[in-house]
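Grab a pencil and keep the 3D view open while you work through these exercises. Each task comes with a solution that goes step by step.

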Amino acid sequence: MKVVILAIGKCKRNSPEFALIAEYVKRCSWEIVIKEKDNSTQSDEAKFLIENIPHGAKVVVLDERGVNIKSTEFAAKIQDWMLDGVSEICFLIGGADGHLPSTRERADLILSFGKLTLPHMLMRAVLTEQIYRASTILNHHPYHRE
């Protein structure tokens, strides 16, 4: 599985968030690629996100209006896509003003990690950890416990 994370805002290489993201990317058996764009207008951000979705990828938009599911349900959704022949998933993290309706309409899944507002770089760390966790769940690795 290849995972692409398209994100608005640049993560500083010497930040604790960058180190945490890098650790989960390194641990994961799936290829994870992160592409960033500086904050700009909401329409420019949407254009960057939409134009960089890989052809054939399932699209997951992170948005507060999305479904809030358990890690095991997240892993099961990915497994369903894999069984349908999907080899690439693209996650979209918008800017401070969120996603335009046109971006949300492009989603195969709109996902929320709860009602809390998280800084964008921390959200990336949470997302990469959940991607790693999903990979361990699907590989029957003991990392995840319920």
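**Exercise 1: Strands side by side**

Task: Find the residue in β4 that stands opposite Val 61.

Solution. Start with the pair itself: Val 61 has Leu 92 of β4 opposite it. Keep in mind that you're looking at a predicted model. Next, zoom out to the two strands: β3 and β4 run parallel and are joined by five bridges. Now look at what else faces Leu 92: Leu 6 stands opposite Leu 92 too. So what holds such strands together? Strands of a sheet pair through backbone hydrogen bonds, either parallel or antiparallel.

**Exercise 2: The other pairings of β1**

Task: Work out how many bridges join β1 to β4, and how many join β1 to β2.

Solution. Step one: β1 covers residues 2–8, β4 covers residues 88–93, and six bridges join these parallel strands. Step two: pick out some partners. Ile 5 has Phe 91 as its bridge partner in β4, while Ala 7 sits opposite Ile 93. Step three: turn to β2, which runs parallel to β1 and is joined to it by seven bridges. There, Val 3 stands opposite Ile 32.

**Exercise 3: Draw the whole sheet**

Task: Write down the order of the five strands, then explain why β2 and β5 have one side without a neighbour in the sheet.

Solution. First, the order: β2-β1-β4-β3-β5, an open sheet with parallel pairing. Second, check the ends: β2 and β5 (109–111) are at the edges and have a single partner strand each, so one side of each has no neighbour in the sheet. Third, add the twist to your drawing: neighbouring strands are turned by 30 degrees against each other on average, ignoring direction.

Now trace the chain between strands. β1, α1 and β2 form a right-handed β-α-β unit. Another right-handed β-α-β unit is made by β3, helix α3 (residues 71–83) and β4.

**Exercise 4: Two faces of a strand**

Task: Decide whether the residues on the two faces of β4 are buried or exposed.

Solution. Begin with a general rule: in a regular strand the side chains alternate between the two faces of the sheet. Then sort the residues of β4. One side has Glu 88, Cys 90 and Leu 92, the other has Ile 89, Phe 91 and Ile 93, and all of them are buried. The count agrees: six of the six residues of β4 are buried. For β1, the count is six of seven.

**Exercise 5: Explore the pockets**

Task: Find out which strand gives the most to the lining of the largest pocket.

Solution. Start with the space: the largest pocket has a volume of about 540 Å³. Its lining has 22 residues, and Leu 62, Asp 63, Glu 64, Leu 116 and Leu 118 are the ones nearest the centre. Next, check the elements: β3 (58–67) and α5 (120–138) each supply at least two lining residues. β3 gives the most, with four residues. Finally, sort the lining by class: nine residues are nonpolar, eight polar and five charged.

Now try the second largest pocket, which holds about 210 Å³ of space. Its lining includes Cys 11, Phe 18, Ile 34 and Arg 124. α1 (16–27) and β2 (31–37) are the elements that give two or more residues to this lining. By class, you'll get eight nonpolar, no polar and three charged residues.

**Exercise 6: Out in the open**

Task: Is Ser 29 buried or exposed, and what about His 140?

Solution. You need one cut-off here: exposed means over 50% relative accessible area. Ser 29 has 56%, so Ser 29 is exposed. You'll find Ser 29 in the loop between α1 and β2. For a sense of distance, compare Gly 85: the C-alpha atoms of Ser 29 and Gly 85 are 18 Å apart, with the two positions 56 residues apart along the chain. To be exact, Ser 29 and Gly 85 are 56 residues apart along the chain.

His 140 has a relative accessible area of 73%, so His 140 is exposed as well. His 140 lies in the segment after α5. One last check is the backbone angle. Most residues other than glycine have a negative phi. His 140 isn't a glycine, yet its phi is positive, at about 55 degrees.

Conventions. Residues numbered from 1 in each chain as written. Predicted model: local features only at pLDDT ≥ 70, side-chain atom pairs only at ≥ 80, totals over all residues. Heavy atoms only, no water. 1 Å grid on protein atoms, 1.4 Å probe; cavity = no way out; pocket = protein on both sides within 12 Å on 5 of 7 lines; lining within 4 Å. Points joined across faces, edges and corners; volume = space filled by probe spheres on them. Nonpolar A, V, L, I, M, F, W, Y, C, P; charged D, E, K, R; others polar. Pairing = 2+ DSSP bridges. Axes fitted to C-alpha atoms, helices over the stretch in contact; angles between N-to-C directions. Buried < 20%, exposed > 50% of the residue type's maximum accessible area, 1.4 Å probe, protein only. Right-handed = clockwise from strand over helix to strand, strands pointing away.
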